[in-house]
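Okay, thanks everyone for coming. Let me put the structure up on the screen, and then we'll walk through it together.

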Amino acid sequence: MTLRLGRHAFADGATLMMAIVNRTPDSFFDKGATWEEDKAFERVAQVVAEGAEIVDIGGIKAAPGVEIGEAEEKERVVDFVARVRESFPRVVISVDTWRASVGDAVCAAGADLLNDAWGGADPELVDVAAAHGAAIVCTHTGGVTPRTRPYRVEYDDVVRAAIDDTVAYAERAVAAGVARESVVIDPAHDFGKNTFHSLELTRRLGEMVATGWPVLVSLSNKDFVGETLDLPVGERLTGTLAATAVCALAGARVYRVHQVVETRQTVDMVETIAGRRLPQRAIRGLQ
Amino acid sequence: MSERTTRVVLVPGVLALLPEYAGIEDPVAELRAAALGAVGWLGREVTVLADAQGARVAAHLLDSTERDGDEPSYLVVGNGSAKRTEKAPGHYDERAEPFDAALGEALKAGRPDVDRELARELWASVEALTELPPAASGATVRVDYDDAPYGVQYWVMRWEG
């Protein structure tokens, strides 16, 4: 399905790199490295140069911590979105927020996509996306409250739950007026899930792809990789790329990542093995 | 009423020209442009002189061009050595360059005189070249391409006579 993300359209089958840009002092991977606005802006310039099609700007870390109110969240992201929009007109700007009021402000400032990592916790977010002609990411969290860790969460079938919830959310977005080609679904690895759940979602990602909605995966350096390999944050790239390869083979379309170059190479390699992409340049044995 | 001339074109049997081996970037873009230009100059009906792989290349080039002339036409598929450099398919052989130079000159004259044993040793695909139609002999020749970009000597030539 052709994907329209705000101002930008992508051909059938195109795979997209969504680079994480944190305007936070405390996110788990970068630990505040891009907390200062100029550092975050440098990060945007870097990932755009590395070929990221999307930047995902977030003002609140996912894990529990100091409460950040709407005003503070807006202060962190709205003007920054406007600055990125002006400097990088061709990049898709996504904002990682669950709040409709923040979504409204960032869309007015130039955002194309609202990445609701918390599964529709604020029911008006879809109305905001519709009003601005923006796209939306519909995630599965199992209904947990934003910024909480999973605690003894279990599912009869985690993949079934992820499909049912994200597809229902997607249909709700379309009913609210979001264009059908502007809706992406995300099983949300580790959100409301233990490691076994995230592994099963990875193994059975093809079932989500089969819904026909474009699938986003957010695997980058997450705890399910860390627990699987018993490795701390900072040593999870290889495991992340292995999970990425499995999702790519299953047909994921969007990859939310810290490491753009490595993920792009992994996805291109797998897409080419799968016969959905041509080799860049082949002459060996064909001269 | 003027007599119809015969048109003959030579292209190399490069498999990278085939659509089943296409990449995002074309590693033989210049060769392809030259080959399509020359093949497009042939008449509607074309006799192909080639081995089995070369015939596939010829068929693809013919399918990719629109030709409406009625000149008797031949498409010959062959090339020089594959041992021009260290990285050439057949590795480097110092005899390759003089072999190709001599063969190139003979082709321009339309009278390829090929040492078949040496051609075999140098991995040159010359079978069809030895069947070059007599019309090429002494005909007007145009060289559209003459290079060995991957250690294999390619020519695109056209003769009219």
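**A walk through two chains**

Let's begin with one residue in chain B. B:His91 has 14 C-beta neighbours inside 10 Å, so it counts as partly exposed. Keep in mind that what you're looking at is a predicted model. Back to our histidine: B:His91 sits in the loop that runs between β3 (73-77) and α3 (96-108) of chain B. And there's something to notice in its backbone, because phi of B:His91 is positive, about 65°, although the residue is not a glycine.

Chain A has a residue to put beside that one. A:Asn221 is also not glycine, and its phi is positive too, near 60°. You'll find A:Asn221 in the loop between β9 (216-218) and α8 (223-229) of chain A. So is A:Asn221 buried or exposed? Count its C-beta neighbours inside 10 Å and you get 22, so A:Asn221 counts as buried. The cut-off here is 20 or more for buried.

Now let's zoom out to whole chains, with chain B up first. How many helices and strands does chain B have? There are four helices and five strands. If you read along from the N terminus, the order is β-α-β-α-β-α-α-β-β. The radius of gyration of chain B is 15 Å, and the globule rule gives 15 Å for 161 residues, so chain B is as compact as a globular protein of that length. Its C-alpha trace spans about 55 × 40 × 25 Å along the principal axes. Of those 161 residues, 42% count as buried. And here's one about the fold: take the contacts in chain B between residues at least 6 apart in sequence, and 69% of them join residues at least 24 apart.

Over to chain A, where we have 10 helices and 10 strands. Its radius of gyration is 18 Å, close to the 19 Å from the globule rule for 287 residues, so chain A, too, is as compact as a globular protein of its length. The C-alpha trace of chain A spans about 60 × 45 × 40 Å along its principal axes. Buried residues are 49% of the 287. For contacts between residues at least 6 apart in sequence, the share in chain A that joins residues at least 24 apart is 66%.

And how do the chains meet? Eight residues from chain A and 14 residues from chain B make up the contact. On the chain B side, those residues are 11 nonpolar, two polar and one charged.

Okay, let's go inside chain A and look at some helices. Take helix α3, residues 100-109: eight of its 10 residues are buried, so this helix is largely enclosed by the rest of the structure. Among the buried ones are A:Ala100, A:Val102, A:Asp104 and A:Cys107. What do the buried residues of α3(A) pack against? They pack against α2 (70-87), β5 (92-96), β6 (113-116) and α4 of chain A. Right after α3(A) comes A:Gly110, with a positive phi near 125°.

Next, helix pairs. Two packed helices are described by the angle between their axes and the distance between the axes. Our first example is α4 (residues 125-132) and α5 (residues 158-176) of chain A, whose axes come within 8 Å and cross at roughly 45°. That makes α4(A) and α5(A) oblique to each other, and their crossing is right-handed. Which residues meet here? From α4(A) we have A:Val126, A:Asp127, A:Ala129 and A:Ala130, and from α5(A) we have A:Arg172, A:Ala173 and A:Ala176. Sort the residues of that contact by class and you get five nonpolar, no polar and two charged.

The other pair is α9 (residues 237-250) and α10 (residues 260-273) of chain A. Their axes come within 9 Å and cross at roughly 35°. This crossing is right-handed as well. On the α9(A) side, the contact includes A:Leu237, A:Leu241 and A:Ala245, while α10(A) brings in residues including A:Glu262, A:Thr266 and A:Val270. By class, the contact of α9(A) with α10(A) comes to seven nonpolar, three polar and two charged residues.

That's my tour, so let's open it up for discussion.

Terms used. Residues numbered from 1 in each chain as written. Chains lettered and ligands numbered in written order. Predicted model: local features only at pLDDT ≥ 70, side-chain atom pairs only at ≥ 80, totals over all residues. Axes fitted to C-alpha atoms, helices over the stretch in contact; angles between N-to-C directions. Helix = DSSP H or I, 4+ residues; strand = E, 2+ residues; numbered from the N terminus. Parallel < 35°, antiparallel > 145°, perpendicular 65-115°, else oblique. Left-handed = near helix turned anticlockwise from the far one by under 90°. Contact = placed C-beta atoms within 7 Å. Nonpolar A, V, L, I, M, F, W, Y, C, P; charged D, E, K, R; others polar. Rg over C-alpha atoms; globule rule 2.2 N^0.38 Å. Buried ≥ 20, exposed ≤ 12 C-beta atoms within 10 Å, placed from the backbone.
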